[in-house]
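Hi,

Here is the structure I promised to pass on. Have a look at it first, and then read on for what I found in it.

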Amino acid sequence: RNYPNGTLWNLLPRLLSNAKTWAILPEPDLTYPGWYNWYDNRFDAGDFFNPQPYNGKVIILVNAETQSQAEYTVMGLQTHPNVFTIGSQTAGADGNISSIVLPGGLYSSWSSLGVFYPDTTDTQRIGIHIDSVVTPTIDDIRQSKDRVLLAALDCLTKTTDLHIVGKISLHPNPVTDVLYISLDNEQYAELELQVTNAIGRIVMSQKIHSSPDEQYEINVAEWNHGVYFIQLMTEGKIISMDKFVKQ
């Protein structure tokens, strides 16, 4: 939840067994104006082989202060096979900074390099993927209670797999009217389907009976534009989550 100092490049060779792609970046082809190629950052931390990678849990804490290199660092850490990201929406300002001095001494800067997950999911304006949305309340701040850290400690003390249900599949995403939801789940289960906005406010909650190959739908046509987090819960605990963009 703070700005890193290039720590990712030293961490990855210890966390992983070999180099992995954690981001792809569009780079211009200067021989063909208007044409871009994907740059694969697989070896940005080196071409390494680690016969004894770290196999424990990796818990990542994020919030609005997670910006630029911090977001890029989170993406790299998320390549670990046993990682869980907790917190609230990040800044959505991943990428290099370019600047220009305008007449009158005006100075402006912007993110000049697009940063995408390997599956081409964008991170700019949206932020990085979060597994569990945890947003501090006003009372937490008054009492100096770090709700995000407490949630991380809770994950570390669990004996069960963090991803119980599996991946939530959403389409279309971005969505304008009806969002279709399917679960990568081979078991029947009574779950609560909950949707929160970018600041953690619940905008919809309903009970569902999860079953293999069953699809659910939500009409979001009248919802405000923006990023929403959809999560599956059981006994008040989030067991799987994804996010979508309402256009």
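Before anything else, one term: a residue is called buried when its relative accessible area is under 20%, exposed when that value is over 50%, and partly exposed in between. Please also keep in mind that this is a predicted model.

With that cut-off, helix H2 is a good place to begin, as 8 of its 9 residues are buried. The buried ones are Ala70, Glu71, Tyr72, Thr73, Val74, Met75, Gly76 and Leu77. What lies over them? The cover includes helix H1 and the strands S1, S3 and S4.

Now the whole chain. It has 4 helices and 14 strands, and buried residues make up 44% of its 247 residues. Among contacts with a separation of 6 or more, 62% are between residues 24 or more positions apart. The chain exposes about 14100 Å², and carbon and sulfur atoms supply 52% of that area.

**The cores**

The largest nonpolar core has 27 residues, and the members that touch the most others in it are Trp22, Ile60, Met75 and Ile128. Two or more residues come from each of helix H1 (8–15), strand S3 (58–62), helix H2 (69–77) and strand S13 (226–234). H2 gives the most, with 4 residues.

Trp22 is worth a click in your viewer. Leaving out residues up to four places away in sequence, Trp22 touches Leu8, Leu12, Asn41, Asp44, Ala45, Tyr72, Met75, Gly76, Thr79, Phe116, Tyr117 and Pro118. Apart from this core lies another one, of 19 residues, which include Ile168, Ile181, Leu183 and Leu232.

**The strands**

One open sheet has 3 strands in the order S3-S4-S7, with parallel pairing. S3 and strand S7 (132–133) are the edge strands, each with a single partner, so one side of each has no neighbour in the sheet. S3 and S4 (residues 83–87) run parallel and are joined by 5 bridges; in one of them, Val58 is paired with Val83 of S4.

Further along, strand S8 (residues 168–171) and strand S9 (residues 178–183) are antiparallel, with 4 bridges. They form a hairpin with 6 residues between the two strands. Leu170 has Ile181 in S9 as its bridge partner. S9 also pairs with strand S12 (residues 215–219), in the antiparallel sense and over 5 bridges. There, Ser182 has Gln215 as its partner in S12.

Asn197 is in strand S10 (residues 189–197). Is Asn197 buried or exposed? It has a relative accessible area of 16%, so Asn197 is buried. Setting aside neighbours within four places in sequence, Asn197 is in contact with Val203, Val227, Tyr228 and Phe229.

**The surface**

Ile100, Leu102, Leu106 and Trp110 make a nonpolar surface patch of about 380 Å². Strand S5 (97–102) and strand S6 (106–111) each give two or more residues to the patch. Leu106, which lies in S6, has 53% relative accessibility and therefore counts as exposed.

**Salt bridges**

How many salt bridges does the structure hold? There are 4, and here are some of them.

- Asp122 and Arg125 form one, with the closest N and O atoms 3.0 Å apart. Asp122 is buried, at 16% relative accessible area, whereas Arg125 is exposed, at 64%.
- Asp139 and Arg142 meet in another, at 3.7 Å from N to O. These two are 3 residues apart in helix H3 (residues 138–142), so about one helical turn separates them. Asp139 is partly exposed, at 43% relative accessibility, and Arg142 is exposed, with a relative accessible area of 68%.
- Arg147 and Asp140 are joined at 2.5 Å, again N to O. Arg147 is partly exposed, at 35%, while Asp140 is buried, with 2% relative accessibility.

If you want a place to start in the viewer, try Trp22, one of the residues that touch the most other members of the largest nonpolar core.

Happy browsing, and all the best

Conventions
Residues are numbered from 1 along each chain as its sequence is written. This is a predicted model: local features need pLDDT of at least 70, side-chain atom pairs count only at pLDDT 80 or more; totals for chains, interfaces and linings use all residues. Side-chain values use heavy atoms; hydrogens and water are left out. A nonpolar core is a set of buried Ala, Val, Leu, Ile, Met, Phe, Trp, Tyr and Cys residues joined through side-chain atoms within 4.5 Å. Buried means under 20% relative accessible area, exposed over 50%, partly exposed in between (1.4 Å probe, protein chains only). Contact means heavy atoms within 4.5 Å. Accessible areas come from the Shrake-Rupley method with a 1.4 Å probe; for residues, only the protein chains shown count as cover. Two strands pair if DSSP finds at least two bridges between them. Patches are made of residues with over 30% relative accessible area and no salt bridge: like charges are joined within 9 Å, nonpolar side chains (Val, Leu, Ile, Met, Phe, Trp, Tyr) within 5 Å. A salt bridge is a side-chain nitrogen of Lys or Arg within 4 Å of a carboxyl oxygen of Asp or Glu.
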